[in-house]
Amino acid sequence: MAQTSSSSSPSLKASSSVTNDFQAIIMALILIVTIGYFILLIVTPTNMYRQIWTPKIKAHTANSTYFGAQGRTLLMNTFPLIFIAVLGCVYLHLWKKSNNKNINRVEEKQKLAIWRRPIIMKGLGIVSRIELGFFVMFIALLVWTFASYLHIIFPTITPKSVAKSGEKVWEAKLEDSGLRLGLVGNICLTFLFVPVTRGSSVLQVFGLTSEASVKYHIWLGHIVMTLFSAHGICYIIYWAATHQLSEMLKWGKTDISNLAGELSLLSGLVLWIATFPRIRRKMFELFFYTHHFYILFVVFFVFHVGVSYACIMLPGFFLFMVDRFLRFLQSRSNVRLVSARVLPCETLELNFSKTKGLSYTPTSIMFVNVPSISKLQWHPFTITSSSNLEPEKISVAIKGEGSWSKKLYQMISSPNSVDRLNVSVEGPYGPPSTHFLRHDLLVMVSGGSGITPFISIIRELIHTSESQKCKTPEILLISVFKNSEDLTMLDLLLPISGAPSETCKLGLQIEAFVTREKKPVSTEDKKNLRTIWFKPNPSDEPITPILGQNNWLWLGAIISCSFIIFLISLGILNRYYIYPIDKNTNDIFSYPIKAVLNMLIICISIVITSSAAFVWNKRQSGTDAKQIQNMEGATPMASPNSWFYNADREMESLPQQSLFQSTNLHFGERPDLKRLLFERKESSVGVLVCGPKKMRHEVATICSSGLASNLHFESISFS
C-alpha cells in the first residue's frame, strides 16, 4: 500500500500543477476581457470611437442578413460579459476540485489586507478601501462619459444650427443633455442585475457573493433612477418649452417610443420609492411586491429604446434570468421539514433533510417560502448548520421580528401545533470558501439574532477540530441581548442531534451581555426550550443541489447553450422573416414587434436549456433522495433542555457542560468593545460583526483606527 501511495503522489502533484496552470490561464483571460470591456466603455463617447472604430465595425456587421445593426451591439456589448460568465464557471469548477484552493485565497487576502480595512462612509455604510476605490472609478467613468458627450456635441449647437428647427440654443442643449443622461444611465443598467444574480459565476470568480453585493445593487439602483429621472425631466421641460407635449404620447413604429419610456420610468419610480429604508423597514411587504415592477421596467425600456440598443444591458439581465428560472425550478418542490426547535425568545430553528451531496460554506443563507402564510413571499435566513458536521441536515434560524416570521412562530409554537408544514426553499447561497483558519483568534460580535451566522462558523470549526485534527483558531463570542430569554439563542451553538466530544477542545469563550435586566430571571419565570418533530410526507423531498455536484460546469453549459440557441434563432428570424421585409433599413419592420420576438426567443432558449439541465440532474440525484425518504427513523419524543436554563443542574452532556463553563454572563451592562478588542495580543485576530448598524460601525471604526495592526475586519454580509 505504501508503494502505491508513494507512486501515485507524483502523478497527483502533476495533475494539480496542470489544473493550477489552467486556472491561471483562465483567470488571465477573464481579466483581459474584463479590462477590454471597460476600455470599450471609456472610449465609446469619444470621437475616436465614433469616427474611426464605428465605421469599421459597421462595415463588417451592418450588412449582415442574419443580425443586421443588432449584431454590432451583440458583439461589442453582450458577448464579453457572457464570455466572462462562462469562463468563470470553468474556473470555479477547477478551483472547487483543486486541493490548495484555501492556500491561494488566503495568500491573496493577506496581500490585500491593508486595502480591505473598513471605512465608514455616509450614505454608503461600511466599505473597504478596495470597494471605495472601485466606486470612485465607476463614478469617474459616468462623469467622463457624460462630459465627453457634451464636449463633442455642445460646440456644434449654435444659433445658426438651431435656426432651421426654430429652437433656442438652451433648448437644444437641454434636449441633448437629457439624451446623454439616458445613455449614461444605460451603463449602470448594464450592471444593475449582476449583484442580485445569486448563483453568479461573475461575482464569485472575483471573490464576491450576491449577499455581500446587494449594497452594489442598491448603489447602482439609486444612480440608475437618478439618471433616468433626470433624463425624463429634461425631455418634459424641453417638450413644454417647445410646445411639443404631444410627444409624450408618441409610440413610434420604427423610432423611439416616448410613451414606453414614460411607463418604464413610472414603474421604476414606484419600485424606487419603496426601497428607501423608512418605507422598506415599516412596510416590507410593499417593498417586496413593488420590487416585481422590475419586469415592467425592463420590458417598457426595451420598447422605448429598441431591441438593438437594449442589447447593451442584455448580458446582466440575461444572466439574472438564467439564475431566476433555475431558482423557480428549485422552488416548485416541497422539502422535507424534519423538526423545529422553539426558543422562548420567539425564535425558531427549522431543520430540513438534505442529501449528502449538498455542501455549503458557513455564513450561507437560504430563502424560505411557507405557502400557508404567503405563496409569494420568500425570506432569506442564515443557515446555522454545518454541511460537514451535519451531512444529512440543513438548518436555518428565524427570529420572530416581522409579520411573516411572527405568523410562522405562532403557527409552530402554539399548543395545537401543526404536525407537518409545506415549505419550499431556494439555495443555499454563500461564499465559495471561508478563511477563518488563517487567524489565531476569531472575535465574533453579535447583537440579538445577529448571532445566527456565527453558529454555522462555530459548528464548522467543531468539525474541523475533530476530523482534520488541525489547530483551529480560538473563539471569543461577544453576544449582546435585550433580556434573559434571548440567551437561549446560545442553545443553537450545538446541533439538535448533539455534538462530538471535541467541542470542549475548541477554545471557545462566550461573553454574553443582557442589557435590560440587572439580575438573572428566577427559575419559576423561565420558559422551556422544546423541539417539535414533523410527520413525513411522501411528496416531500430532501434538499438537493439544483445542478448536482458539477454545478459550475452545468451552469456554464446552460449559459453558453442558451445564448447560442438565442443567436441561432435570432439569425433565422432575421434572415427569413425580418430581412425580406426590412432589407436592413430599420425603417419598415416594427420595433415593438421585433422587441417582442427577441424577448420571446430569449425566454424560450433559457427555459429549454435550464429545464433540460435541471431534469437531468434531478434524475441523477433521485436515488440519494429516495434513500433518505425511505429512512423512517424513530421520532424522538423528548425535547433537549436549555443548558442556560438548567445552569444549576447537572449537564446532560459533556459538550453542554463545556459550553456553560466557558460562558460569562453580564447583566445590566454593555460590552466595552474597544477594550475587549485592543487587549487581544494574538498576531492575527479576525473580527466579525453582525447586529445593529451602530454596533457594526463601532467595530469597523475600532478595526480601521490603526491602533492595533493585528485586528482584521472580515466583511461578511448576513441575513
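Helix 9 and helix 10 are oblique to each other, a label for angles outside the ranges under 35 degrees (roughly parallel), over 145 (roughly antiparallel) and 65 to 115 (roughly perpendicular). They pack at an angle of about 135°, with axes 10 Å apart; axes are lines fitted to C-alpha atoms over the stretch in contact, and angles run from 0 to 180 degrees between N-to-C directions. Helices here are DSSP runs (H or I, at least four residues), numbered from the N terminus. The model is predicted: local features need pLDDT of at least 70 and side-chain atom pairs pLDDT 80 or more, while totals for chains, interfaces and linings use all residues. Residues are numbered from 1 along each chain as its sequence is written, and side-chain values use heavy atoms, without hydrogens and water.

Turning to the contact itself (heavy atoms within 4.5 Å), helix 9 contributes His222, Met225, Thr226, Phe228, Ser229, Gly232 and Trp239, and helix 10 brings Asn258, Glu262, Leu265, Gly268, Leu269 and Trp272.

Helix 10 covers residues 258-273. Its 16 residues should span 22 Å, which agrees with end C-alpha atoms 22 Å apart; the expected span is 1.5 Å times one less than the number of residues. Buried residues of helix 10 include Ala260, Gly261, Ser264 and Leu271, where buried means under 20% relative accessible area, exposed over 50% and partly exposed in between (1.4 Å probe, protein chains only). Their cover includes helix 9, helix 12 (284-290) and helix 13 (294-305).

Elsewhere, glutamate 466 lies in helix 17 (residues 452-467) and is partly exposed, at a relative accessible area of 29%. Its C-alpha atom is 9.2 Å from that of leucine 506, 40 residues apart along the chain.

Note on methods. Helix = DSSP H or I, 4+ residues; strand = E, 2+ residues; numbered from the N terminus.
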